[in-house]
Structures are given as structure tokens and as C-alpha cells.
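This note sets out points for a colleague to check against the coordinates. Please read them with the structure open.

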Amino acid sequence: MLPLPDDALPIPPDEDEGGDELYEHHRIRADKGQELLRLDKFLLNRLPSTSRTRIQNAIKAEAVQVNDKPAKANYRVKPLDVVTVTLPEPPREFKVVPESMELDIRYEDESLLLVNKPAGMVVHPAFGNWNGTLVNGLAYHLHNLPTGRNGEIRPGLVHRIDKDTSGLLVVGKSEWAMTHLSQQFFHHTIERTYLALVWGIPKEPEGTITGHIGRSLKDRKVQAVYPDGDQGKHAVTHYKVLRTYRHVALLQCNLETGRTHQIRAHMKHIGHPLFSDATYGGDKVLYGQRTGAYKAFVEKAFTLMPRQALHAKSLGFVHPVSGAPMQFEVELPTDFANVLAAWEEYVTEE
């Protein structure tokens, strides 16, 4: 077996997290002395930890490209060819304990399911949250998540949302579905719409925020925006003002990329942190008087929604088997609806 070259390693994420999209991306350049070799065999040599099945599925899903063009398994790799591969995340190294829980599943077929995650639920197990996660519930609901062998479970996830963000997640139920969906996320063809309540009124009713996102150098718990691109990863958020409430605004946000805390970091960067977002400074009065009846109203509003005002409203993608366009949308959760109603009443009474 050939040694693994540096450029065959996964492209490193922003320190210890790569973002909300859960896939690996490899870029391999064949050396000058490369003998003609079938693409599938070439990748088996260069990606020794990846199974033949995963490679074959990736090729079928056009998630393997040679010189920026999809290639078949029998393509003969030549010297200096550049091969790129997009794969779902591999199985995690810990065992997931299936747990019986109520999941708000909005759609399910043999290939995938759509689940409406409530705020407060962690998506997958990690340090400090080994139980009670969405993955624990999925492991119980789907007895053979791809792939469940020897107690290891690949949870079917190709993206995630924050613990205190509510809304839609798509889950692949097969290796093929995960590969196909990962490819759509990588090429930014997934349509994702969020609703966000932010402090202040953006100057423009519609806009695009572009700025690299990476770990803050001052606080590793938060993401920072690096407009010059000297750190982090390229990130693009499109927003549109749907409704204003004097001191806050309801926005529709569409993600072009999927970085960790992307909307939260981008909105803070332009001076409009999410309402009630303690991590990014939105849990105090930022616009309007900071005393009297208004302050009391805001504090009450925080109790109605004691988490960031962010909801993953809709998802659109191509079905990995049928090829049909799929579009799903969920309603606002109770806490978000209640806080909007409170602000509506507040501006009406003024």
C-alpha cells in the first residue's frame, strides 16, 4: 500500500470543529510517476481507512471528481491528476446507547427522514452530553443506522444545528443517502432558511454578509468573523427583513455555507446580535432605553425565550434515490411565537 501523502489528509477544520455540515473533503494530487490505475483502486490505496463500499457510493453520487469533473470507477488516473472526494463523516469512536424518546419526525421513507429538533436538545453525543441527544433517539428509532456494527453507530447526520436552535434536520438512513446529501451540502445546493430575531434594524432591508468564520482568539467558546480572510473559513449569509418591532427585527436568513454559529457570529459582526443569545451578547438591552418599563418588558421577553431566537424553518434538497426536489417547512416553536407576539403587542400599544 502506498504511503498516505499530506494532501490526501482531510482538509483541516477550523481547529476542532469544521462547521454545521458533517462531511470529509479530500484533495489528492497524483505524483509525476503515477502509473495508469483505475480510480477506485487509486482511492483505496490513498484512503486506507475508507471502505470500498464508501468509495463506490461516492463515485456513483458524483462525489468524486478528477480535474473538477465527475469520473467513473474505471477512469485511469494519470500523473498530476487532481482527485477530490466528498464523504459523509465516518463512524464515531464511541458507542451510542439507543434511547426511547419522542421525536417530531415530519417525513420518513426508506432513504431519509426529516426531524424537527426542539431547542435544548443536543444533536449528537459529546463530552458532557453522552445521553439524551438526538442521535440517541435516532439510534432507537432506526435500528440499523448506517452503519451499526459492533456497537459503533454512524448517526446518519450530514449537518447539525446548535443545542438551543430549533428546527429541521435531514438524516440519511443509508450510506448512499448520506453520501448524496453530503455532496449537496458541499456544493451548496441545499436550500436552508432560518428565522432570526435580532437586536436593532439593519440599514438595508436585504443584504449579504460575507466574512470568514473561525474560533475567536479571545474566547474559544465563540466564533469570530475575520473579514480579511486571514483565519477561519469562507462563510456567506443572505438576510431579508420580514418585520420590524422598533428595537428588534425578524429576519429570514439563508445559508450559502454552513459554519459553526454562522448566523449568530455574522449578525453580531454587523451589530445585530440575536435576541436572547447569551453567548454573543444578545441577552441584555442593546437598543432602546435601559431603564423603566421598557427594560422590564425586555426582561420578561427574555423569560419567554431564554435561548437564542433562531429557528431552522425550511430545507430543500434533491432526493438521493428518486432525484425529485424535496421541500419541507416547520412552524415556529411556542417560545419563538410567544416572544414575537409580545413584541407585536409592545409596538401596538406604543
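Is serine 276 buried or exposed? The second point below gives the reply.

1. Basis of the note. The model is predicted; local features need pLDDT of at least 70, side-chain atom pairs count only at pLDDT 80 or more, and totals for chains, interfaces and linings use all residues. Numbering starts from 1 along each chain as its sequence is written, and side-chain values use heavy atoms, with hydrogens and water left out.

2. Serine 276. With a relative accessible area of 7%, serine 276 is buried (buried is under 20% relative accessible area, exposed over 50%, partly exposed in between, with a 1.4 Å probe and protein chains only). Serine 276 sits in the loop between α5 (262-269) and α6 (292-304); helices here are DSSP runs of H or I with at least four residues, and strands are runs of E with at least two, numbered from the N terminus. Its phi is positive, about 70 degrees, although serine 276 is not a glycine. Most residues other than glycine have a negative phi.

3. Aspartate 68. Aspartate 68 also has a positive phi of about 70 degrees and is not a glycine. The loop that holds aspartate 68 runs between β3 (64-66) and β4 (69-70). Aspartate 68 counts as exposed, at 67% relative accessibility.

4. Helices α1 and α2. Helix α1 (residues 39-46) packs against helix α2 (residues 52-60) at an angle of about 130 degrees, with the axes 10 Å apart. Axes are lines fitted to C-alpha atoms, for helices over the stretch in contact, and angles run from 0 to 180 degrees between N-to-C directions. That makes α1 oblique to α2, given that angles under 35 degrees count as roughly parallel, over 145 as roughly antiparallel, 65 to 115 as roughly perpendicular and the rest as oblique. The crossing of α1 and α2 is right-handed, meaning that the near helix is turned clockwise from the far one by less than a right angle (anticlockwise would be left-handed). Leu39, Asp40, Leu43 and Leu44 of α1 meet Arg52, Ile55 and Ile59 of α2, contact being heavy atoms within 4.5 Å. By class, this contact of α1 with α2 has five nonpolar, no polar and two charged residues; Ala, Val, Leu, Ile, Met, Phe, Trp, Tyr, Cys and Pro count as nonpolar, Asp, Glu, Lys and Arg as charged, and the others, Gly among them, as polar.

5. Helices α2 and α4. The axes of α2 and helix α4 (residues 175-186) come within 9 Å and cross at roughly 50 degrees. The two helices, α2 and α4, are therefore oblique to each other. Arg54, Asn57, Ala58 and Lys60 of α2 make the contact with Glu175, Trp176 and Thr179 of α4. These residues divide into two nonpolar, two polar and three charged.

6. Nonpolar cores. The largest nonpolar core (buried Ala, Val, Leu, Ile, Met, Phe, Trp, Tyr and Cys residues joined through side-chain atoms within 4.5 Å) has 29 residues, and Tyr194, Leu251 and Ile263 have the most contacts inside it. A second, separate core of 22 residues includes Leu250, Phe302, Phe336 and Val339.

7. Isoleucine 209. Strand β11 (residues 206-210) contains isoleucine 209, which counts as buried at 5% relative accessibility. Isoleucine 209 and histidine 238 lie 29 residues apart in sequence and 6.3 Å apart in space, C-alpha to C-alpha.
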